[in-house]
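Colleague: Please take me slowly through the way one pair of helices packs in this structure, and explain each term as you go. A short look at one further helix would be welcome at the end.

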Amino acid sequence: MKLTLNNAVTQVEISGIRQFSYLVRDTPGACALTIGEPDLNTPDAVKEAAKAALDDNDTHYPPGNGYTYLLEAISRFEETAHGLVYAPEEIVTTVGATEALSIALSAILNPGDEVIIPTPAFGLYEALVRLRDGVPVFLPTEDSRFQIVPEALAAAITPRTKAIVLTSPNNPTGCVYTRETLEGIHRILRDKPIFVLCDDVYRALCYTEDYHSFAEYADMRDRSIVVQSFSKPYAMTGWRLGYCMADRPVMSRIQVLHQYAVTSIPSFVQRACVTALGLPTNDIAELFRKRRDYVYRRLRAMGLEVEEPQGAFYMFIDIRKFGMDSVTFCTRMLKEGLVGLIPGIYFGTEGFMRLSYCYSDQDLKEGLDRVERFIKSL
């Protein structure tokens, strides 16, 4: 008897980012600059809110989309902080941004639909599209300073194009789309039946005052889906909490997928989410800005080409001049230099590597010292 599995599942591999990170972890003496997780603990006020909810026996089934008080808090926060107006009924709380992206794509994709993914990009997008029998269409940006060129976007659109994913600030580049870039994207898309997934999970960690999300274009609200996370700005990665916002007709379908997939996020964490939304993130952004400045200066002093990030906590370093593919380069650097960075091919762009600077100052110095010694040995 021969058993068969879902064809889409058999064609998607385990994340290369994870696999290489495990290789670094299992290498004795290696210094890791790999994972995008803040080296901070969840604020005490957030933890205390969850503890209080447990003490109050808030351990029963909550409403599927989230408690009304949390949805209202998110609605107020987004309007006040970002100028995005979504009613509580247009919001669903999710198991991290990953679930938000998953159910959003599930709601809009039919087999064969194409999703434009500007590269370099987090590998999750390609995997989620393929798992829904969609077709990822990659839009390279490495030769335009990681900005999207309108003419290239227009050329990538076909009658089967259903959506585009916009991530700003970006993982792995730290790039923030400029107003000029967003205007060009809007000009191409405004009259087309194409959804825009705005993965804005790093927007609180931005080093420029001139930040704008594509979700601000009110004339495309019916086609915009905004994804957010509590993980990065509030050091809540292990809590697995996020949310998704969309126009009411779209959200009415997204929430169906959410409720059948996970029912709801846990009840007792929802007070903690409200508490987090009330906390300032300026100090955290400033911490990472200082680390960015240090890492950028060090890399440039080594003679490495890298765009200065305007957000998030990553640098995407050009290693094309060394004549090696990124896996070979990073594997050699791990074995010979005992320092781990992620090969750029795992983000869909060869000839680069990603460095995460959400590590301690001491770890960053040690890791960069090892990178420098390895480069000098070549």
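Modeller: The crossing of H11 and H13 is right-handed, a word used when the near helix is turned clockwise from the far one by less than a right angle, anticlockwise being left-handed. The model is predicted, so that local features need pLDDT of at least 70 and side-chain atom pairs count only at pLDDT 80 or more, while totals for chains, interfaces and linings use all residues. Residues are numbered from 1 along each chain as its sequence is written, and side-chain values use heavy atoms, leaving out hydrogens and water.

Helix H11 covers residues 282-301 and helix H13 residues 361-377, and they pack with their axes 11 Å apart at an angle of about 15° (axes are lines fitted to C-alpha atoms over the stretch in contact, and angles run from 0 to 180 degrees between N-to-C directions). This makes H11 roughly parallel to H13, a term for angles under 35 degrees. On the H11 side, the contact (heavy atoms within 4.5 Å) is made by Arg291, Tyr294, Val295, Arg298 and Leu299, and on the H13 side by Asp361, Leu364, Lys365, Leu368, Asp369 and Glu372. These contact residues divide into 5 nonpolar, no polar and 6 charged, where Asp, Glu, Lys and Arg count as charged, and Leu, Val and Tyr are among the nonpolar ones.

As for the further helix, H6 (residues 124-131) has Leu124, Tyr125, Leu128 and Val129 as its buried residues, buried meaning under 20% relative accessible area with a 1.4 Å probe, protein chains only. They lie on the same side of H6, because they cover an arc of only 130° around the axis, taken from the directions from the helix axis to the C-beta atoms.

How values were computed
Helix = DSSP H or I, 4+ residues; strand = E, 2+ residues; numbered from the N terminus. Parallel < 35°, antiparallel > 145°, perpendicular 65-115°, else oblique. Buried < 20%, exposed > 50% of the residue type's maximum accessible area, 1.4 Å probe, protein only.
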